[in-house]
Amino acid sequence: MRFIAVIPARYASTRFPGKPLAILEGKTVIERVYEQVSKVIDEVYVATDDERIRHTVESFGGKAVMTSPNHKSGTDRIEEAVEIIGTDADVVVNVQGDEPFIHESQIRTVCECFNDGETQIATLGKPFGRTPQDMESIENPNSPKIAVSKSGYALYFSRSVIPYCRGKERESWPESFPYLKHIGLYAYRRNVLREITLLPQGELEKAESLEQLRWLENGYKIKVGLTDIETVGIDTPEDLVKAQSFFC
């Protein structure tokens, strides 16, 4: 099975304009992401709508594809990039351009999900802690939760705490159920990527503001690989400062 990785990277960001070009310990954020992905996947591209990002990627020896500035999601940007590239890869891996610490094992895990022939889309989940103190993290709406089937497929994603542990004190919920945090690394079979970008928004996606619910609502099977590694994204200038400490 052949894999290709595409890293969507926009210059315009409400909270951190120019984020992919921010310097993190001597290298741009986008270069660090590119390096991590290249350790696992041979064919890697950055999909961008900004010439500054394209130039930066090509200057460190990477490959970049210019895409429309009008895409509403990274998935749409990746589909356009793959069409331009003209790849015959079986699976397209989507790695966010603000994840400079994405781990090799996480990329391998999401790729290994396709050893199951029924997998159409793959993503990752990380177990939350099991102590009462972890309930605050579980309740954070910015950390979507996943409910999975016994065979490891996503049943639902939610910003709310799922499931609700009826009849138990809230502080005991973490020890009562193995809550699973969604990690936003995706991979798609090539034909599935093309199909899902043509789908209209559904009511579930509108309610939760989670794009993956559009795919579930339309019957696509999302395999959930497991990781014990926490991702460290760069969303704000403050995050960049904090990330510097990882190199100390």
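This passage describes the nonpolar cores of a predicted model and the strand β4 with its neighbours.

The largest nonpolar core holds 34 residues. Within this core, I7, V37, V46, V93, V95, V110 and L185 touch the most other members. Helix α1, residues 29–38, supplies the largest share, with five residues. A second, separate core has 28 residues. Y45, A47, Y186 and L210 are among its members.

I7 has a long list of contacts when residues up to four places away in sequence are not counted. Its partners are I30, V33, Y34, V37, V44, Y45, V46, A47, V95, Q96 and G97.

Strand β4 spans residues 43–48. The strand is mostly covered, and six of its six residues are buried. Its side chains alternate. E43, Y45 and A47 point one way from β4. V44, V46 and T48 point the other way. Residues of β4 also appear in both cores: V46 belongs to the largest, whereas Y45 and A47 belong to the second.

Strand β4 pairs with two strands. Strand β1, residues 3–9, runs parallel to β4 and is joined to it by six bridges. Here A9 has T48 as its bridge partner. Strand β5, residues 64–66, also pairs with β4 in the parallel sense, over three bridges. On this side T48 stands opposite M66. T48 thus appears in the pairing with β1 and in the pairing with β5.

Helix α2, residues 51–59, lies on the path of the chain from β4 to β5. This β-α-β crossover is right-handed.

Key: Residues are numbered from 1 along each chain as its sequence is written. This is a predicted model: local features need pLDDT of at least 70, side-chain atom pairs count only at pLDDT 80 or more; totals for chains, interfaces and linings use all residues. Side-chain values use heavy atoms; hydrogens and water are left out. A nonpolar core is a set of buried Ala, Val, Leu, Ile, Met, Phe, Trp, Tyr and Cys residues joined through side-chain atoms within 4.5 Å. Buried means under 20% relative accessible area, exposed over 50%, partly exposed in between (1.4 Å probe, protein chains only). Helices (H or I, at least four residues) and strands (E, at least two) are DSSP runs, numbered from the N terminus. Contact means heavy atoms within 4.5 Å. Two strands pair if DSSP finds at least two bridges between them. A crossover is right-handed if, with the strands pointing away from the viewer, the path from the first strand over the helix to the second runs clockwise.
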